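Biologist: I should like to learn how to read the features of a model such as this one. Please give the general idea each time, and then the case at hand.

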Amino acid sequence: MPSPAENLKINGERLWDSLMEMAKIGPGIAGGNNRQTLTDEDGEGRHLFQRWCEAAGCTMGVDEIGNMFARREGTDPDALPVYVGSHLDTQPTGGKYDGVLGVLGGLEVIRTLNDLDIKTKHPIVVTNWTNEEGTRYAPAMLASGVFAGKHALDWALDRVDAKGKRFGDELERIGWKGPEKVGDRKMHAFFELHIEQGPILEAEGKQIGVVTHGQGLRWVQCIVTGKESHTGSTPMHMRKNAGRGLALITELVHEIAMKNQPNAVGAIGHIDVYPNSRNIIPGKVVFTVDLRTHLLDKLNAMVAELMDRAPQICADIGVAFEAEIVGQFDPPAFDENCVAAVRHAAERLGYSHMDIVSGAGHDACWINDLYPTAMIMCPCVDGLSHNEAEEITPEWAAAGADVLFHAVVETAEIVA
């Protein structure tokens, strides 16, 4: 299929100006953004995106869960569209680029095609997925999950936030509940540009991450049960300290992750200690082990080792262990042809690049279950994300969008 010439690039200054203009909506308190899903700020950001898309000659479609689809027509009315995009919602203390770069990078693809008067066989559709972050309404990647058939629409619309406000009601309140049935759209392919949200690309001095896989995830909720007793009067050899069991399993999780390198991680995040008193030895600890890697067999083996070794570790110190998997996500392997299009684009443009595994979940992970999908990553300073101090450079943004442009346009097929 025809490829764009290597000298064709997006307008980096225009992309950066768009990022800064969007960042004015829902400003944070420390230089970032607070544009949580289905807030007034989210609605305002959506309106700005719609105005920009319509100015670029696109038609806008919206489905029942608020996903936005800006379409540039192709020359073949029967050709399935190439989709591109990410999300505009942010964390409560989010950065200016997480998600937004992928949406506005997609818009920049359309603008550049217009500037160069390039026509494509396949239509190109720029997407803003609703509620990727999952902060106000759990879970994350909610609307793309409904699109991919992972969640029922009614279940998603009935999610409530911390103040008891229902998702569906807030979607209607801000005016972004559309008429389209969720998931009815068919795709030729999907591409998502995103900041890495990790330190690898910057540390390796690479401009582009060619994402080959996403990480799979297992959340294992563990309960260690001992015996509450006085911290001062209970002899050390007579203690049944559930807190010690937590400490030993913390080290076990670290050991399991380290022996499964590369691209395996493990940690204990959520912890509840009972009775949580200064002078009482913990009688019970409830905590969640988070294990992730990009290979399913390796992920299952990590969980199996935890389940095999933790009970004996606890028995050795006189406490009991029980566990269950409370969350799981199998690792996606992105489409080889789409990944190759990204890699070839980076090579054609002369950008330094490396294969990388996405350490975070993204809408592309759900869409990958349905249609050929790939992701492109650019570095972020110190790997920092989900933080108002999140930062990238204009050059990184432009390079990522250049690769996105070439991969999308090659897949959509230039019409001579």
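Modeller: The discussion below takes up the domains, the sheets, the pocket and some backbone details in turn. This is a predicted model, in which local features need pLDDT of at least 70 and side-chain atom pairs count only at pLDDT 80 or more, while totals for chains, interfaces and linings use all residues. Residues are numbered from 1 along each chain as its sequence is written, and side-chain values use heavy atoms, with hydrogens and water left out.

Biologist: Into which domains is the chain divided?

Modeller: Domain bounds come from an automatic or database domain assignment. Here the chain is split into domain 1 (12-214 + 331-415) and domain 2 (216-329). Their centres, taken over C-alpha atoms, are separated by 36 Å. Nine residues from domain 1 and nine residues from domain 2 take part in the contact, where contact means heavy atoms within 4.5 Å.

Biologist: How should I read a sheet, and what is the order of the strands in the open sheet of eight strands?

Modeller: Helices (H or I, at least four residues) and strands (E, at least two) are DSSP runs numbered from the N terminus, and two strands pair if DSSP finds at least two bridges between them. The eight strands follow the order β1-β2-β5-β3-β6-β15-β7-β14, and their pairing is mixed. At the edges are β1 (59-62) and β14, each pairing on one side only. With direction ignored, neighbouring strands of this sheet are turned by 25 degrees against each other on average. Within the sheet, β3 (residues 82-86) pairs with β5 in the parallel sense over five bridges, and V82 has I124 of β5 as its bridge partner.

Biologist: Which helices pack on this sheet, and at what angle does α2 run to β2?

Modeller: Axes are lines fitted to C-alpha atoms, for helices over the stretch in contact, and angles run from 0 to 180 degrees between N-to-C directions. Helix α2 (residues 40-55) touches β1, β2 (68-72) and β5, and its direction makes about 10 degrees with that of β2. Helix α10 (residues 336-349) lies across β6 (189-195), β7 (208-214), β14 and β15 (373-378), at about 170 degrees to β7.

Biologist: Why is one side of β10 and of β13 left without a neighbour in the sheet of four strands?

Modeller: That open sheet has the order β10-β12-β8-β13, with antiparallel pairing. β10 (264-274) and β13 (320-329) stand at its edges with a single partner strand each, so one side of each has no neighbour in the sheet. From one strand to the next, the twist averages 20 degrees. Helix α8 (residues 242-259) packs on this sheet, touching β8, β10, β12 (284-293) and β13, and its direction makes about 170 degrees with that of β10.

Biologist: How many bridges join β8 to β12, and how many join β8 to β13?

Modeller: β8 and β12 run antiparallel and are joined by 10 bridges, with T225 opposite K284 in β12. Strand β8 (residues 216-225) also pairs with β13 in the antiparallel sense, over nine bridges. There, Q221 has E324 as its bridge partner, and W219 stands opposite G327.

Biologist: Where does the largest pocket lie with respect to the two domains?

Modeller: Rolling a probe the size of a water molecule over the atoms shows where empty space is left. The largest pocket is lined by residues of both domain 1 and domain 2, so it lies between them. Of its 35 lining residues, L217, R292, G359, A360 and G361 lie nearest its centre. β8, β13, β14 (353-358) and α11 (363-367) each supply at least two residues of the lining, and β14 gives the most, with five.

Biologist: On what criteria does a pocket rest?

Modeller: On a 1 Å grid over the protein atoms alone, a pocket is an open set of points where a 1.4 Å probe fits, with protein on both sides within 12 Å along at least five of seven lines; lining residues have an atom within 4 Å of a point.

Biologist: Which peptide bonds are cis?

Modeller: The bond from A138 to P139 is cis, with omega near 5 degrees, and P139 lies in the loop between β5 (124-128) and α4 (142-147). Another cis bond joins Y274 and P275, with omega about 0 degrees.
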